[in-house]
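Visitor: I am new to this structure and would like a close look at a single part of it, with its surroundings described step by step. Please take one helix and follow its neighbours outward.

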Amino acid sequence: MRALAFGLIALATLTGLGAVAAAAPRNEASVQTSIWFAPLPRDTYVGRSLGFDGSRDFMDLFRAGAPWKVAAGRVDVFKVYAGWAANEVPLDDLRRIVSDLDRRGIALAVEDGALQGRDGCGSGIEGFVAPGEATIVASRIKAAGGSLRYVALDSTFRFGSLYAGPGACGFTAEEAARQFAAYAAAARQVFPGVVVGDIESLPPDGDPSDLVRWMDVFRTVTGRRLPFFHLDLGYRRLDWPEAARLLESAARARGIPFGIIYDGEGSQRDGGGSDADWTTASEHRFATYEAQYGGRPDQAVLQSWVDHPDLALPETTPSTFTWLVNRYARERTSL
């Protein structure tokens, strides 16, 4: 799971936040944007260790007649955490998830790490996993009758190469790319068509040019461009929209589909802690980036790794996670 991130932000108040119109179309700016949806399941190992329980109604998303019909029609990819899928969720529940996603025509993705530590390095650091991780995760999904379409690898470059804290491995960017490619090859042994792309974090003190360099190193080492690049922003940095636009432009110039993670992390420590705080923060971020700064991501990832929102359903109630999906998909002119 992604590390709990980067502190407080100042939230601007949005105007005109009414209920979503059930059939509101996407506008021109977002018509090519695919929506990835990644609520945090209830009762995860990481959640228990940090004292929270994710979305309490997570499994209700996958029952017949669940009240997110409009939002489900707008979601292209549903992402779960690989460790949870491989080791925590009961197999019967995983079968129910993959069956319902297939019925709805929503692709399944997992978020995982690719890095293998050496000589004791990497222990407890984000992005590092046990040997054989790709095979374990993919095989469990296959055993549940699912088809894994995407894997998003968490910060292979940042935590493999840039991170310099305790336990750092200090891999070269080239070595990080080779480990990324090794994970992808193993996953394709189980699901030959799976697309394995990248998430990279950009904390407040991070340099976007490092991530541009990583795009080029990856192609040099593997002979292929990154299949996609998802940006995990530290929204506390004052220039986050400009940094995101720089990376979007760099990815597009290299033929790499660009995505951005929109979340409300930080809002729960910013004078509230409610689901409404979280969803308002998330909406403020995608409104700022796309309506104010002209961002045009190919993939919008609506994701939580914290204790909000507590409820994913119903889509008609403000502050639920499926309500936020519909807020993203509506006409941008009203933001």
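Guide: A good place to begin is helix α11, whose buried residues pack against β1 (34–38), α2 (69–74), β2 (75–81), β7 (258–262), α10 and β8 (299–303). Please keep in mind throughout that this is a predicted model. Helix α11 covers residues 321–329 and is mostly covered, for nine of its nine residues are buried. Read in order, these buried residues are Phe321, Thr322, Trp323, Leu324, Val325, Asn326, Arg327, Tyr328 and Ala329, and the list therefore includes a charged residue, Arg327, together with nonpolar ones such as Leu324 and Val325.

For orientation, the chain that holds this helix has 11 helices and eight strands, and of its 335 residues 55% count as buried. Among contacts in the chain between residues at least 6 apart in sequence, 80% join residues at least 24 apart. The chain exposes about 13,200 Å², and carbon and sulfur atoms supply 51% of that area.

Among the neighbours of α11, helix α10 can be described in some detail. Two packed helices are described by the angle between their axes and the distance between the axes. The axes of α10 and α11 come within 10 Å and cross at roughly 15°. Because an angle under 35 degrees counts as roughly parallel, that crossing makes α10 roughly parallel to α11. The crossing in which α10 passes α11 is right-handed. On the α10 side, the residues that meet α11 are Trp278, Thr279, Ser282, Glu283, Phe286 and Glu290, while α11 contributes Phe321, Trp323, Leu324, Arg327 and Tyr328. Sorted by class, the residues of this contact divide into six nonpolar, two polar and three charged.

The partner helix α10 also leads a step further out, to helix α9. Helix α9 (residues 240–253) and helix α10 (residues 275–292) have axes that come within 10 Å and cross at roughly 55°, and this angle makes α9 oblique to α10. Their crossing, too, is right-handed. Here Trp240, Pro241, Ala244, Arg245 and Glu248 in α9 meet Arg285, Thr288 and Tyr289 in α10, and the residues of the contact divide into four nonpolar, one polar and three charged.

Returning towards α11 along the chain, the loop between β8 and α11 deserves a careful look, since most peptide bonds are trans. In this loop lies proline 309, and the peptide bond that runs from histidine 308 to proline 309 is cis, with omega near -5°. Proline 314 lies in the loop between β8 and α11 as well, and a cis peptide bond joins leucine 313 and proline 314, with omega about -10°.

For comparison with the helix pairs around α11, one may turn to another pair in the chain, α5 and α7. Helix α5 (residues 133–143) and helix α7 (residues 173–190) pack at an angle of about 25°, with their axes 8 Å apart, and they are therefore roughly parallel to each other. As α5 passes α7, the crossing is right-handed. The contact is made by Glu133, Ala134, Thr135, Ala138, Ser139 and Lys142 of α5 and by Tyr183, Ala186, Ala187 and Val190 of α7, and by class it has six nonpolar, two polar and two charged residues.

Helix α7 also holds arginine 188, which at 30% relative accessibility counts as partly exposed. Not counting residues up to four places away in sequence, arginine 188 touches Val194 and Arg224. Arginine 188 and threonine 135 are 53 residues apart in sequence and 8.9 Å apart in space, C-alpha to C-alpha.

Two backbone details elsewhere in the chain complete this look, and for them it helps to know that most residues other than glycine have a negative phi. Aspartate 119, in the loop between β3 (107–112) and α5, has a positive phi of about 55° although it is not a glycine, and at 84% relative accessibility this aspartate 119 counts as exposed. Serine 155, in the loop between β4 (148–154) and α6 (156–162), likewise has a positive phi of about 55° without being a glycine, but at 0% relative accessibility serine 155 counts as buried.

Methods
Residues numbered from 1 in each chain as written. Predicted model: local features only at pLDDT ≥ 70, side-chain atom pairs only at ≥ 80, totals over all residues. Heavy atoms only, no water. Axes fitted to C-alpha atoms, helices over the stretch in contact; angles between N-to-C directions. Helix = DSSP H or I, 4+ residues; strand = E, 2+ residues; numbered from the N terminus. Parallel < 35°, antiparallel > 145°, perpendicular 65-115°, else oblique. Left-handed = near helix turned anticlockwise from the far one by under 90°. Contact = heavy atoms within 4.5 Å. Buried < 20%, exposed > 50% of the residue type's maximum accessible area, 1.4 Å probe, protein only. Areas by Shrake-Rupley, 256 points an atom, 1.4 Å probe, with all protein chains shown as cover.
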